[in-house]
Amino acid sequence: MCIAHSHKTALQREALVLRPEGHPKHADTLYNLANALGERYSHFGDASAAQEAFKLYRLAVADYPEAHPGHANSLLNLAILLGDHFRQSNNYAEIEEAISTMRDLVELRPEGHPERARTLTNLAATLQDHYH
């Protein structure tokens, strides 16, 4: 495993200790650690990193106010990571959660939202993974 990725993850874990629940940057720190773990999974296939990232993205979604961009970004990254992991695991609960999460994101991006088209495209790709 790359030392830089391990160091990055360790620093994000340390930041999380310094920004506990209730800290104004707690959700951002959850999101950043989830991203580092998601990268670890994507680069090295570390399934335990993916599982931890799923948990942290879910916590970030719950922690961010719905109108905060981090809420939508956490939903998006969670859905993408679930879909990526599904392609390796064939765990249908993961792809079903990815679809549900993408649908939640579509609800946050109504007609006229600048990210709606990309979100619909991501939902379509996630549905394709399920039925392919």
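These are my notebook entries on a predicted model of one protein.

**Entry 1: overall fold**

I started with the secondary structure. I found 6 helices and 0 strands in the protein. Reading along the sequence, I wrote the pattern down as α-α-α-α-α-α.

Next I looked up the dimensions. Along the principal axes, the C-alpha atoms fill a box of roughly 40 × 35 × 20 Å. I also wanted to know how the radius of gyration fits a compact globule. For 132 residues such a globule would have a value near 14 Å, and the protein has 15 Å, so the two agree.

**Entry 2: contacts and surface**

I then turned to the contacts with a separation of 6 or more. Of these, 54% join residues that are 24 or more positions apart. Buried residues make up 41% of the 132 in the protein. For the outside, I noted an accessible surface of about 7400 Å². Carbon and sulfur atoms hold 54% of that surface.

**Entry 3: the core**

Which residues touch the most other members of the largest nonpolar core? My list reads Leu 37, Phe 54, Leu 56, Tyr 57, Leu 81, Met 102 and Leu 105, out of 31 residues in this core. The elements that give two or more residues to it are α2 (26-44), α3 (47-63), α4 (69-89) and α5 (92-108).

I picked Leu 37 for a closer look. Leaving aside residues up to four places away in sequence, Leu 37 touches Thr 9, Arg 13, Ala 49, Glu 52, Ala 53 and Leu 56. Leu 56 is a nice one to spot here, as Leu 56 is also on my list of core residues that touch the most other members.

**Entry 4: aromatic rings**

I counted 2 aromatic pairs in the structure. One of them joins Phe 86 and Tyr 92 in an edge-to-face arrangement. Their centres are 5.1 Å apart, with 70° between the planes. Since edge-to-face needs an angle over 60 degrees, I could see why the pair gets that label.

Are the two partners buried or exposed? Phe 86 has a relative accessible area of 4%, which is under the 20% limit, so Phe 86 counts as buried. Tyr 92 has 42%, between the 20% and 50% limits, and is therefore partly exposed.

**Entry 5: the loop between α4 and α5**

My last stop was Asn 90, which lies in the loop between α4 and α5. Most residues other than glycine have a negative phi. Asn 90 is not a glycine, yet its phi is positive, at about 55°. I have marked Asn 90 in my notes for that positive phi.

Conventions
Residues are numbered from 1 along each chain as its sequence is written. This is a predicted model: local features need pLDDT of at least 70, side-chain atom pairs count only at pLDDT 80 or more; totals for chains, interfaces and linings use all residues. Side-chain values use heavy atoms; hydrogens and water are left out. A nonpolar core is a set of buried Ala, Val, Leu, Ile, Met, Phe, Trp, Tyr and Cys residues joined through side-chain atoms within 4.5 Å. Buried means under 20% relative accessible area, exposed over 50%, partly exposed in between (1.4 Å probe, protein chains only). Helices (H or I, at least four residues) and strands (E, at least two) are DSSP runs, numbered from the N terminus. Contact means heavy atoms within 4.5 Å. Rings of Phe, Tyr and Trp (its six-membered ring) pair if their centres lie within 6.5 Å; planes under 30 degrees apart count as stacked, over 60 as edge-to-face and the rest as tilted. The radius of gyration is taken over C-alpha atoms; the globule rule is 2.2 Å times the number of residues to the power 0.38. Accessible areas come from the Shrake-Rupley method with a 1.4 Å probe; for residues, only the protein chains shown count as cover.
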